[in-house]
Amino acid sequence: MESQTFGQPEELLLMRQTCRDFVDDVIHPFVRGNPEREWLFDPDKRFPLELLEAADKVGLRTIGVPEKFGGVMLDPEHEAQTLAIISEEMGRGDSGFADKLAQNWKISRLLRLTVPDHLQEKWFPRLVEDPSFLLAHALTEPRGASDRWLPYNAPSANMDTRAVLENGQWVLNGRKHFISNGFDAKLFVVYANTNPEVGILDGSSSFLVPRDTPGLTVARCNETMGGRYMNNGEIVFDDCMLPEDHLLIRDTALQKKSDTYSNPGRIIQAAKNLGVGVAAFDDTAAYVQEYVQGGRPLIQHQAVAVRLADMAIKLESVRCFLRQTAQALDAGVAEAGQMITMLKVHASEEVLKVCQQAMELHGGAGTMLEMGIEKHFRDAAMFPHMDGTVDISSFKIIKSMFPGTAGTYAGPETDLES
């Protein structure tokens, strides 16, 4: 399903073609030639180093790293739009691998905006020189996940992970889980409570934490149903000691996360979702034109034609919404944040419907591993739970639209009565 290209700058189209060629020439042959690879339950053996090395050669691993360190910087006027184009193509190749790269893109941008120069000079060259170097963003905890996106700013909602400054060093204690790239990353951005007397938005700080820091343990790899080339991890901090200068943003890190990380990240997520839907549509369109049932190709059955048209309409609606939202973010439109949250919900729900239709149009074969179509459904089923669940995102949408009357949707029951 070809994306319309009218009105897009030439550099965006060139970037899209580079990614499209990489997907067609490298990712698709790898994924289709090794269908059992993603099902390996040893995360080290599942780790697609071959793909990372190939992505590194064409500059796709180091997007967002300053050029002076050997990275690939995007035009700031079209940054969100370019990330959308790249992510759609990479999602068309493999959702998990797209997630693996996307963490590097998002966190490289965050580091560029928040990390002191001397730490950038230390870590960006290491990232560029090592094709297996991955980054991770550690926010989610066992007791607090998507609800941390809610505007409930009270001490009772604070993070369990704590950081205390002692004798010129930060000491971290706590646990993070469901962390994208968490099992494989060599450098983490970690969020912790630094002021338990105030609300979560006023007492949460971010830190730069190398994997080899004493007291940091990668406890496990979470086995997910989809996106399995992104090894999701659980991280434990037990008196993990950091130099004082590894503090990135003190107390207001969550307030600034939208601009530095979340808003571009949700554009990437929605675009990646779209790419999975496009892959499901393309595979299904080829199948219904080749498979004969009732004496004619499936596409000539009216019920099949209606379903295929519905899939195409859903994908085009996501693509149009994505393009408009990315343009709004690049232009600094005030409503961009609200649009991004709406886009996250819309893309999550519509792409999942598309992938369900794709599997059903393959009949019983659609549920078989060897057919490959069920992979798109599994990947799409992850989307409503990533970057904030659909319900939490919906709460935020209404809160932003009607701040004076919408509920807080969190906090003690007594608060909800007022």
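**Close-up 1. Salt bridges across the predicted model.** The structure holds 26 salt bridges, counting any side-chain nitrogen of Lys or Arg within 4 Å of a carboxyl oxygen of Asp or Glu. One network of these bridges links E38, D94, E374, K375, R378 and D379. A word on ground rules: this is a predicted model, where local features need pLDDT of at least 70 and side-chain atom pairs count only at pLDDT 80 or more, while totals for chains, interfaces and linings use all residues. Residues are numbered from 1 along each chain as its sequence is written, and side-chain values use heavy atoms, with hydrogens and water left out.

**Close-up 2. The E89–R92 pair in helix α4.** E89 and R92 make a salt bridge, with their closest N and O atoms 3.0 Å apart. The two sit 3 residues apart in α4, about one turn of the helix; helices here are DSSP runs of H or I with at least four residues, strands are runs of E with at least two, and both are numbered from the N terminus. An α-helix has 3.6 residues a turn, so residues three or four places apart point the same way. Buried or exposed, where do E89 and R92 fall? Both are buried, and the scale runs like this: buried is under 20% relative accessible area, exposed is over 50%, and partly exposed is in between, using a 1.4 Å probe and protein chains only.

**Close-up 3. R319 and E316 in helix α8.** Here the closest N and O atoms of the salt bridge are 3.1 Å apart. Both residues belong to α8, with 3 residues, or about one turn of the helix, between them. R319 is buried at 4% relative accessible area, whereas E316 is partly exposed at 25%.

**Close-up 4. Helix α9, its salt bridge and the glycine after it.** Helix α9 covers residues 336–361, 26 residues in all, and reaches 36 Å from its first C-alpha to its last, close to the 38 Å expected at 1.5 Å a residue. That expected span is 1.5 Å times one less than the number of residues. Within α9, the side chains of E350 and K353 meet in a salt bridge (3.1 Å, N to O). E350 is buried, with 12% relative accessible area, and K353 is partly exposed at 40%. Just after α9, G363 takes a positive phi of about 65°.

**Close-up 5. The largest cavity.** A cavity is a set of points, on a 1 Å grid over the protein atoms alone, where a 1.4 Å probe fits but cannot get out; lining residues have an atom within 4 Å of a point. Grid points are joined across faces, edges and corners, and a volume is the space filled by probe spheres set on the points. There are 5 cavities of 30 Å³ or more, and the largest holds about 170 Å³ of space. Its lining has 13 residues, with Q8, A84, I85, E88 and R323 nearest the centre. Helices α4 (79–93) and α8 (302–331) each supply at least two residues of that lining.

**Close-up 6. The second largest cavity.** This one has a volume of about 60 Å³. Its lining residues include I63, G64, L74, W105, P264 and I268. Which element gives the most to this lining? That is α5, with 3 residues.

Methods. On a 1 Å grid over the protein atoms alone, a cavity is a set of points where a 1.4 Å probe fits but cannot get out, and a pocket is an open set with protein on both sides within 12 Å along at least five of seven lines; lining residues have an atom within 4 Å of a point.
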